[in-house]
Amino acid sequence: MLEVLFSSGLRKSELMRLQLLDIDAGWGVLFVRQGKGRKDRVVPIGDRALHWLGRYIENGHPEHCPDPDPGRVFLSRLGKPLSASMVHVRCRHWVEAAGVEKRGNPHAWRHASATALLDGGARLRHVQAFLGHEHVRTTGLYTEVSATKLREVHRATHPFEKKAP
């Protein structure tokens, strides 16, 4: 679940509604149905997240339950769709178990995904489309460029900071 959140930047509600048929591993994308504003979109998902998602579907997806939800990806142990609070609890639990001191809520993973894209050189417009934001100013509010990355860019590009060859 955490790999999917970080790789795809899904909202918690989008993760909760994700269907098995929404995964296109061949193209490396997820189809988000009725995201915020009831808009559909296609988002990329990385190979690592697809690997772990595949392992979950093969080994952890509770198909052995009586009457499991036939389409949802993430289910409870009883085969029922996850509630918002269950997603929060699971995210918090896994983050704490890993010894990470930051909050482990689902939105933090969306925020971290957008920040990683920007730090890696993605254009703000691409991150806007990735997150499904209607206005680029919203994307600017959701993302933060790390001070370390900003300092690196400044040193590499500012004319008074560049090192002479």
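This is a guided tour of the structure, giving at each stop a selection to make and what is found there.

The structure is a predicted model, in which local features need pLDDT of at least 70 and side-chain atom pairs count only at pLDDT 80 or more, while totals for chains, interfaces and linings use all residues. Residues are numbered from 1 along each chain as its sequence is written, and side-chain values use heavy atoms, with hydrogens and water left out.

**The whole chain**

Begin with a cartoon of the chain, which has eight helices and three strands, where helices (H or I, at least four residues) and strands (E, at least two) are DSSP runs numbered from the N terminus. Followed along the sequence, these elements give the pattern α-α-β-β-β-α-α-α-α-α-α. Of the 165 residues, 32% are buried; here buried means under 20% relative accessible area, exposed means over 50%, and partly exposed lies in between (1.4 Å probe, protein chains only). Switching to a surface shows about 10700 Å² of exposed area, 57% of it supplied by carbon and sulfur atoms, with areas taken from the Shrake-Rupley method with a 1.4 Å probe and, for residues, only the protein chains shown counting as cover. Among contacts (heavy atoms within 4.5 Å) between residues at least 6 apart in sequence, 46% join residues at least 24 apart.

**The sheet**

Next select β1, β2 and β3, which form an open antiparallel sheet in the order β1-β2-β3; two strands pair if DSSP finds at least two bridges between them. Strands of a sheet pair through backbone hydrogen bonds, either parallel or antiparallel. The edge strands are β1 (23-24) and β3, each of which pairs on one side only. Two bridges join β1 to β2, and I23 has L30 of β2 as its bridge partner. These two strands form a hairpin with four residues between them, and G28 in the turn has a positive phi of about 70 degrees. On the other side, β2 and β3 pair over four bridges, with R41 of β3 as the bridge partner of V32.

Show the side chains of β2 and they are seen to alternate, with L30 and V32 pointing to one face and buried, whereas V29 and F31 point to the other and are not buried.

Then move to D40, in the loop between β2 (29-32) and β3 (41-44), which is partly exposed at 43% relative accessibility. Beyond its neighbours within four places in sequence, D40 is in contact with F31, V32, R33 and Q34. A distance drawn from the C-alpha atom of D40 to that of G132, 92 residues apart along the chain, reads 8.7 Å.

**Helix α1 and the cores**

Select S8 in helix α1, a residue that is buried with a relative accessible area of 0%. A polar atom of the S8 side chain lies 2.5 Å from the backbone oxygen of V4, and, leaving aside neighbours within four places in sequence, S8 is in contact with L30, V43, P44 and F130.

V4 also belongs to the largest nonpolar core, where V4, L15 and F74 touch the most other members among its 20 residues; a nonpolar core is a set of buried Ala, Val, Leu, Ile, Met, Phe, Trp, Tyr and Cys residues joined through side-chain atoms within 4.5 Å. The elements giving two or more residues to this core are α1, α2 (12-17), β2, α3 (47-60) and α4 (84-97). Centring on L15 brings up M1, V4, L5, L10, F74 and V87 as its contacts beyond neighbours within four places in sequence. Another core, of five residues, lies apart from the largest one and includes L118, V127, F130 and L131.

**Two aromatic pairs, and H133**

A search of the whole structure finds two aromatic pairs, that is, rings of Phe, Tyr and Trp (its six-membered ring) with centres within 6.5 Å, counted as stacked when the planes are under 30 degrees apart, edge-to-face when over 60 and tilted for the rest. One of them, F6 with W109, is edge-to-face, at 6.3 Å centre to centre and 85 degrees between the planes. This pair links distant parts of the chain, since F6 is in helix α1 (residues 2-8) and W109 in helix α5 (residues 106-119), 103 residues apart. F6 is partly exposed at 35% relative accessibility, and W109 is partly exposed at 22%.

Finish at H133, in the loop between α6 (124-131) and α7 (136-142), which is buried at 9% relative accessibility. Its side chain makes polar contacts with the side chains of R110, at 3.4 Å, and T139, at 2.9 Å; a polar contact is a pair of N or O atoms within 3.5 Å, where within protein one must be able to donate a hydrogen and the other to accept it, and residues adjacent in sequence count only if both atoms are side-chain atoms.
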